[in-house]
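I opened my notebook to get to know a new structure, one entry at a time. Here is what I looked up, in the order I did it.

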Protein chains: 4
Amino acid sequence: MSERMDQWLTELVRLNEDDRVTDRQLSILRAAVEVFAEKGFAAASTSEIAQRAGVAEGTIFRHYKTKKDLLLSITVPVIDEFVGPFLLRDLDTILTAQHERFEDFLRAVLFNRLQFANKYAQVLRILAQEIPFHPELKAQLKQYVTENVLKRLVGIIEHFQEKGEIARIPAPTVIRLTVSVILSHVVLRHILFHDAPWQDDEEIEMTVRFIVQGLRPDASRDQK
Amino acid sequence: MSERMDQWLTELVRLNEDDRVTDRQLSILRAAVEVFAEKGFAAASTSEIAQRAGVAEGTIFRHYKTKKDLLLSITVPVIDEFVGPFLLRDLDTILTAQHERFEDFLRAVLFNRLQFANKYAQVLRILAQEIPFHPELKAQLKQYVTENVLKRLVGIIEHFQEKGEIARIPAPTVIRLTVSVILSHVVLRHILFHDAPWQDDEEIEMTVRFIVQGLRPDASRDQK
Amino acid sequence: MSERMDQWLTELVRLNEDDRVTDRQLSILRAAVEVFAEKGFAAASTSEIAQRAGVAEGTIFRHYKTKKDLLLSITVPVIDEFVGPFLLRDLDTILTAQHERFEDFLRAVLFNRLQFANKYAQVLRILAQEIPFHPELKAQLKQYVTENVLKRLVGIIEHFQEKGEIARIPAPTVIRLTVSVILSHVVLRHILFHDAPWQDDEEIEMTVRFIVQGLRPDASRDQK
Amino acid sequence: MSERMDQWLTELVRLNEDDRVTDRQLSILRAAVEVFAEKGFAAASTSEIAQRAGVAEGTIFRHYKTKKDLLLSITVPVIDEFVGPFLLRDLDTILTAQHERFEDFLRAVLFNRLQFANKYAQVLRILAQEIPFHPELKAQLKQYVTENVLKRLVGIIEHFQEKGEIARIPAPTVIRLTVSVILSHVVLRHILFHDAPWQDDEEIEMTVRFIVQGLRPDASRDQK
DNA sequence: TATGAATGAGGATTCATTCAT
DNA sequence: AATGAATGAATCCTCATTCAT
């Protein structure tokens with residue numbers, strides 16, 4: 001796991017610190033992620049981070065002015081990543097592929113989110129923990145979601161409503177229900193069952209069907 | 001809200017501290033809930049709690065041996081409450097009322113959980129925050145859930161499967177999907193929209209229909 | 001010296017902290033004065049102060065929120081004392097005793113200031129050291145001096161000019177010269193010669209005569 | 001001022017570092033003087049000095065083994081300059097010009113000191129701040145003063161006492177009074193009024209007359 | 001029982017200095 | 001010669017907990 005982590009850490013940090021990430025920085029970040037995830041930000045001590053990183057405590061502060069800066073340098077890029085690629089890469093292709101069914105769209109999204117969570121599991125946990133206490137983080141996430149995600153999702157929903165695959169209930173509610181199920185699926189898979197048995201393919205299939213069927217227009221509803 | 005809070009705090013503490021809850025204890029608990037919710041357990045200081053409670057620092061430690069004890073005296077009873085009444089009071093009546101449909105059952109549960117969350121919003125937030133860092137809490141919740149909730153839920157699910165209202169997919173999956181949607185509904189309602197406009201009745205209806213329809217046996221699925 | 005110090009420290013702190021000064025506070029203040037005087041504020045460490053005071057480091061911060069607060073609690077009362085009694089008690093009596101000569105006035109002031117400096121030598125040293133780096137201190141001293149001291153001094157000077165004992169040169173210049181000599185006398189006596197031989201009475205006499213004669217109207221000057 | 005400063009800094013450093021002063025050294029010294037003057041030696045950080053000098057932190061320590069060395073390389077030459085040229089250049093000429101009056105001597109000295117203070121204002125401030133905490137500095141200044149200044153001044157005083165321009169009071173006292181007034185004049189001029197209105201010529205004249213008259217033999221004193 | 005002063009370990013952060021490049 | 005990353009001791013300060021009153 002250490003190797004896989006280094007990989008995405010490197011990616012992550014390169015994103016906003018334009019350029020070089022030294023080995024030392026990487027080991028600091030790795031240790032920070034570990035300790036933050038284990039104890040929570042407030043209960044994590046810079047001295048423990050330094051120790052685990054095999055680095056003097058002062059070294060941390062040469063690279064990150066404060067403990068909070070260290071937190072942000074880990075979490076902020078994940079917020080970007082959370083939204084960015086999701087929409088740009090995957091969804092656009094889905095949208096342009098007009099022939100696809102809602103079902104295929106859902107499968108793609110769920111698969112994509114599961115991979116994302118798998119990659120960033122630890123940082124996502126930290127992010128979820130800390131967001132309530134750091135207004136900047138909250139604000140940034142909110143902005144991303146409202147500016148990028150929501151608008152596009154509404155478009156997609158309406159697209160499938162016109163195709164008759166989704167009932168004509170308000171888009172926000174459709175989003176709420178769909179996201180709830182997908183998010184819960186991902187959280188359960190990676191947080192509760194991250195080392196337990198879990199039939200991925202089957203569960204994915206059932207989740208997708210549940211949503212599709214739950215949102216399908218039906219006689220009784222449409223007549224209303 | 002302060003009054004309502006005092007009420008449930010009194011209830012809560014009585015549950016496991018057999019009997020007397022002095023005014024002082026109550027104000028300490030109230031202050032603790034406030035501060036823990038605002039800053040998180042680790043970042044909350046006992047001195048601030050004492051100050052808000054209008055009590056000397058030492059007084060807290062006369063009633064609660066450690067800061068963690070204070071946390072547990074707030075969260076543990078909520079875990080009990082979370083599970084206990086839910087099952088004993090409401091569900092049994094539902095189960096015995098054999099004529100009820102799955103839909104009615106869901107509506108009842110969702111309504112019940114919304115009220116529960118409304119009552120204990122702050123403590124639930126604390127609980128959600130702290131559970132990852134306190135194995136005892138996690139263990140206790142897990143025990144309760146597996147021992148009481150799951151078994152009963154399986155029974156209920158099978159009951160409705162026999163009645164043909166739920167498709168014949170594995171009970172755990174049914175539970176996962178149902179709970180996901182209900183929990184998400186509750187969380188959204190009380191955390192994200194706790195002071196925003198939200199059409200309670202309509203959203204409840206749509207959530208219920210979504211689940212019912214999502215789980216309904218249908219031709220295509222059954223043929224497989 | 002320790003006893004004498006305790007005495008004035010007690011006085012000093014009572015002045016602005018209305019009421020009780022515990023033994024512990026006193027030993028903290030005594031240690032702080034010592035260490036600040038020896039090493040300067042910036043180079044003094046709270047841990048050394050605590051050690052010398054025979055007190056845990058945390059105890060200091062129970063009584064004084066910050067290291068700077070500790071400094072201010074020592075220096076601010078001295079600024080008040082520096083000006084207050086000087087004017088109210090002594091000078092008024094001098095002014096009302098219309099028959100006194102400028103010479104007697106000077107002798108009284110010089111004597112008074114020497115005693116003041118003797119009492120507060122260490123704190124005055126700290127004050128002199130730190131004033132350039134703490135704008136609040138500078139501002140407070142300036143305000144006191146301009147509001148209280150200068151106005152009164154101008155009155156006194158003019159009084160003696162009318163009596164013909166001081167030449168008709170601008171009052172500010174008279175003040176500058178007089179204060180220079182008195183202050184220098186005091187500083188030399190208590191800073192450079194604080195443990196060296198120094199004939200107090202004779203030097204006082206010579207300082208007084210020097211000023212009196214230096215400011216006396218003389219034929220050549222008046223004709224101009 | 002930057003240019004003027006460079007000039008004297010160059011002079012200053014050449015004096016004791018026999019020869020080469022690179023541009024880098026100069027900018028380090030300039031930055032050091034600035035920061036020491038602003039914050040005091042103890043509160044000044046080498047990193048800020050390096051930053052202001054546009055130089056890497058390590059570079060400072062290549063030229064000056066420790067932070068204190070940097071301080072000494074700034075202050076020590078000023079002590080030399082303070083005493084040395086003052087006596088050698090100016091006073092000797094005054095002494096040999098036997099016809100001059102005490103008044104002219106004072107005027108020359110005061111003028112010279114004002115210029116000196118103007119040139120070295122910042123470093124003198126640093127010196128005054130730091131002398132109490134650095135015994136070597138104190139010792140060096142004391143040695144210079146007693147060895148060079150005092151002896152010569154006594155000679156000069158006696159010279160004017162023989163000419164009947166100064167009363168027959170002990171030379172140390174004459175020096176004390178004279179130096180007090182001159183030093184105070186200089187300090188006031190350059191520290192308190194360094195950017196305020198101040199009639200230089202007139203104030204100089206009044207200071208000189210004050211001293212001359214204050215020390216003049218008079219009937220009453222001589223009869224004693 | 002309640003207080004709040006006292007504790008001292010531990011917190012984040014700064015800083016003069018070193019040293020490999 | 002110059003750099004600047006790395007160090008780790010030392011800094012001010014906070015905090016949960018204790019205990020005499």
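**Entry 1: a word I need before starting**

I call a residue buried when its relative accessible area is under 20%, exposed when that area is over 50%, and partly exposed in between. I also remind myself that this is a predicted model.

**Entry 2: a helix in chain D**

I began with helix H8 of chain D, which covers residues 171–192. How many of the residues of H8(D) are buried? I found 16 of the 22, so by the under-20% cut-off this helix is mostly covered. I then looked at its length: from first C-alpha to last, H8(D) reaches 30 Å. That is close to the 32 Å expected at 1.5 Å a residue.

**Entry 3: chain A as a whole**

Next I turned to chain A and its make-up. I noted 10 helices and 0 strands there, and along the sequence the pattern reads α-α-α-α-α-α-α-α-α-α. Chain A has 224 residues, and 48% of them count as buried. I also looked up its contacts between residues with a separation of 6 or more: 69% of these join residues 24 or more positions apart.

**Entry 4: where chain A meets chain B**

I went on to the boundary between two chains. Here 33 residues of chain A are in contact with 34 residues of chain B. Together the two chains bury about 2,800 Å², and carbon and sulfur atoms give 57% of that area. Which three residues of chain A supply more of its buried area against chain B than any other three? They are Arg176(A), Phe210(A) and Gln213(A), with 25% of what chain A buries there.

**Entry 5: a histidine in chain B**

Arg176(A) came up again when I looked at His185(B), since the two are in contact. His185(B) is found in helix H8 of chain B, residues 171–192. Is His185(B) buried or exposed? Its relative accessible area is 0%, so I wrote it down as buried. Setting aside neighbours within four places in sequence, its contacts inside chain B are Leu110(B), Leu114(B), Trp198(B), Glu203(B), Ile204(B) and Thr207(B).

**Entry 6: a leucine in chain C**

I picked Leu215(C), in helix H9 of chain C, residues 200–215. Leu215(C) is buried because its relative accessible area is 0%, under the 20% cut-off. Its contacts beyond four places in sequence include Phe102(C), Ile169(C), Val174(C) and Leu177(C), as well as Phe210(D) from another chain. I checked Val174(C) further: it is 41 residues from Leu215(C) in sequence, yet 7.5 Å away in space, C-alpha to C-alpha.

**Entry 7: around DNA strand F**

Then I moved to the DNA. Which of the 31 residues around DNA strand F come nearest? I listed Arg24(A), Thr59(A), Thr46(B), Lys67(C) and Thr59(D). Of the strand's atoms within 4 Å of the protein, 62% belong to sugar or phosphate and the rest to bases.

I looked up three contacts with phosphate oxygens of this strand. The side chain of Thr59(A) has an N or O atom at 2.5 Å, a polar backbone atom of Lys67(C) is at 2.6 Å, and a polar side-chain atom of His63(A) is at 2.7 Å. Among the elements giving two or more residues to this surface are helix H4 (57–63) of chain A and helix H3 (46–53) of chain B. By type, the surface residues split into 8 nonpolar, 15 polar and 8 charged.

**Entry 8: around DNA strand E**

DNA strand E is surrounded by 31 residues, the closest being Thr59(B), Arg24(C), Thr59(C), His63(C) and Thr46(D). Sugar and phosphate make up 62% of the atoms of strand E that come within 4 Å of the protein. A phosphate oxygen lies 2.7 Å from a polar backbone atom of Lys67(D), and a base oxygen lies 3.5 Å from a side-chain N or O atom of Glu57(D).

**Entry 9: one of the closest residues**

I finished with His63(C), in helix H4 of chain C. Its relative accessible area is 31%, so I recorded it as partly exposed. Not counting residues up to four places away, His63(C) touches Gln25(C) and Ile28(C). The C-alpha atoms of His63(C) and Ile28(C) are separated by 9.2 Å, with their positions 35 residues apart along the chain.

Methods. Residues are numbered from 1 along each chain as its sequence is written. Chains are lettered from A and ligands numbered from 1 in the order in which they are written. This is a predicted model: local features need pLDDT of at least 70, side-chain atom pairs count only at pLDDT 80 or more; totals for chains, interfaces and linings use all residues. Side-chain values use heavy atoms; hydrogens and water are left out. Helices (H or I, at least four residues) and strands (E, at least two) are DSSP runs, numbered from the N terminus. The expected span of a helix is 1.5 Å times one less than its number of residues. Buried means under 20% relative accessible area, exposed over 50%, partly exposed in between (1.4 Å probe, protein chains only). A residue is near a molecule or strand if one of its heavy atoms lies within 4 Å of it. A polar contact is a pair of N or O atoms within 3.5 Å; within protein, one must be able to donate a hydrogen and the other to accept it, and residues adjacent in sequence count only if both atoms are side-chain atoms. Ala, Val, Leu, Ile, Met, Phe, Trp, Tyr, Cys and Pro count as nonpolar, Asp, Glu, Lys and Arg as charged, and the others, Gly among them, as polar. Contact means heavy atoms within 4.5 Å. Buried area is the accessible area (1.4 Å probe) that two parts lose on being put together, summed over both.
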